[in-house]
Protein chains: 2
Amino acid sequence: MGNLSYVKTPEGIEKKSFEIIEENVDKANFSPKEWNVVRRVIHTTADFDFANLLKFSPGAIEAGLSAMQKGCRIYTDTRMAEAGINKKALKELGCKALCMVDDPQAAEMAKREGITRSMASVMMAAAFPDIKIYVLGNAPTALFKLIELIREGKANPDLIIGVPVGFVGAAESKEELSKLSVPHIITKGQKGGSNIAAAIVNALMYMSLEEKTIKNG
Amino acid sequence: MGNLSYVKTPEGIEKKSFEIIEENVDKANFSPKEWNVVRRVIHTTADFDFANLLKFSPGAIEAGLSAMQKGCRIYTDTRMAEAGINKKALKELGCKALCMVDDPQAAEMAKREGITRSMASVMMAAAFPDIKIYVLGNAPTALFKLIELIREGKANPDLIIGVPVGFVGAAESKEELSKLSVPHIITKGQKGGSNIAAAIVNALMYMSLEEKTIKNG
């Protein structure tokens, strides 16, 4: 009936977890900044596949850090991704997360036009020029719509974190995103998700804060 | 510059996704109710591993459905899992989701005792007897603590959805849970997560609602 023995401090758990990841993935395949992202995604999922699936367009991480250091708005396609974003880091950066998927206007637009609410809310988001980072972890339809809006000149974000998940359109939506010159971070293939989206945002925020501290220190 | 061609209705996407999953996993290995859970978790993650990792203790699903049909409280260890739970289904069942991980009291207790906030909030949750379902998708420490509370007679839930993720304690916490007689649904090994936790809750809620409709119709 005695107490079970297990690591009980969050710092201890994360440190040990990162050590195990380093033992299993060759970090030489990544820049130090990329590695911070890859490591956190594997930490979040316990899925080593992501070392092969995560792809960064040139300058994508730097574009994200710069936008975050200016206190941008970060759009998420789901409440889950929004919930997974570290609120303390967000506040320290002066950034804001925004999700409109359950906005009544989005629901109405979706119903009227026979599209997903995720698509409708991306269309609404395009009206906010201070949204510099789009985080799409769930719906391929939202990513396809964002790509359309960019091609039509109606959106021009600094960074797209495009990691929709699933068997219907997810891989294709990310393939399409990878053709754009807009800085992007994707997971190739079918895997992705709101948890991965949030993990990427958090990894970028922690780097942004570290850089900011060094600059200001 | 023309519009991209892709499936744009949520119903169409889910239907096609479920068909693809059925083509890739032998559903004969599961009871129809188990299959509803397995299928939704794979739909959420695009990770077929979960067909091998998900384990149901005898009567676990039925215990969950029964608690949900009585309008129980559902405890989640993270805001992400809470955010991923379908709010419409929750309301229709008269259930409530509860997460206390960011409660100031939990933070204070965690600091004072040198434990995780997840552990502290599970200890607080044990004071609510109407919490019949514990959903732990993130912290092994929360699951270890819940197991301790059950062994000490301080908690007695109808169902534990125990799917913590990670390299430090996750597999061990679920192994320990599988020794209890309390009904449980787990993912064996290191994989799991808040998204998987929410997917399991949603699959159970949809079945609960379907059964309720049949009974009342």
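In chain B of this predicted model, helix α10 (residues 170-177) lies across two strands, β5 (159-162) and β6 (184-187), and runs at about 150° to β6(B). Another helix of chain B, α8 (residues 117-125), does something similar with another pair of strands: α8(B) lies across β2 and β4 (131-136), at about 160° to β2(B).

These strands belong to an open sheet of six, and reading across the sheet in chain B gives the order β1-β6-β5-β4-β2-β3, with mixed pairing. At the edges stand β1 (54-56) and β3 (96-98) of chain B; each has a single partner strand, so one side of each is left without a neighbour in the sheet. From one strand to the next, the twist averages 15°. As for how β3(B) is held in place in that order, strand β2 (residues 73-76) of chain B runs parallel to β3(B), and three bridges join the two. Tyr75(B), for instance, has Leu98(B) in β3(B) as its bridge partner.

Over in chain A, a closer look at one loop is worthwhile. Pro183(A) sits in the loop between α10 (170-177) and β6 (184-187) of chain A. Although Asp158(A) is 25 residues away along the chain, its C-alpha atom is separated from that of Pro183(A) by 6.5 Å. Leaving aside residues up to four places away in sequence, Pro183(A) touches Asp158(A), Leu159(A) and Ile160(A), along with Ser57(A), Ala60(A) and Ala63(A).

Now for how the two chains go together. A turn of 180°, with a shift of 0.0 Å along the axis, lays chain A on chain B with an RMSD of 0.0 Å. The two copies are thus related as by a two-fold rotation axis. In chain A, the C-alpha nearest that axis belongs to Met80(A), at 2.5 Å from it. Both copies use the same surface, with 100% of the contact residues of chain A recurring in chain B.

At the interface, 45 residues of chain A are in contact with 45 residues of chain B. The size of an interface is often given as the accessible area lost when the parts come together. Here the area buried between chain A and chain B is about 3,700 Å², and carbon and sulfur atoms give 72% of it. Two salt bridges are found across the interface of chain A and chain B. Lys191(B) forms a salt bridge with Asp47(A), with 3.7 Å between the closest N and O atoms. The count of residue pairs in polar contact between the chains, both at pLDDT 80 or more, is one. On the side of chain A that touches chain B, the elements giving two or more residues are α1 (10-24), α2 (32-45), α5 (79-84), α9 (140-151) and α11 (194-216) of chain A.

Conventions. Residues are numbered from 1 along each chain as its sequence is written. Chains are lettered from A and ligands numbered from 1 in the order in which they are written. This is a predicted model: local features need pLDDT of at least 70, side-chain atom pairs count only at pLDDT 80 or more; totals for chains, interfaces and linings use all residues. Side-chain values use heavy atoms; hydrogens and water are left out. Copies are superposed by least squares on the C-alpha atoms of residues with pLDDT of at least 70 in both. Contact means heavy atoms within 4.5 Å. Two strands pair if DSSP finds at least two bridges between them. Helices (H or I, at least four residues) and strands (E, at least two) are DSSP runs, numbered from the N terminus. Axes are lines fitted to C-alpha atoms, for helices over the stretch in contact, and angles run from 0 to 180 degrees between N-to-C directions. Buried area is the accessible area (1.4 Å probe) that two parts lose on being put together, summed over both. A salt bridge is a side-chain nitrogen of Lys or Arg within 4 Å of a carboxyl oxygen of Asp or Glu. A polar contact is a pair of N or O atoms within 3.5 Å; within protein, one must be able to donate a hydrogen and the other to accept it, and residues adjacent in sequence count only if both atoms are side-chain atoms.
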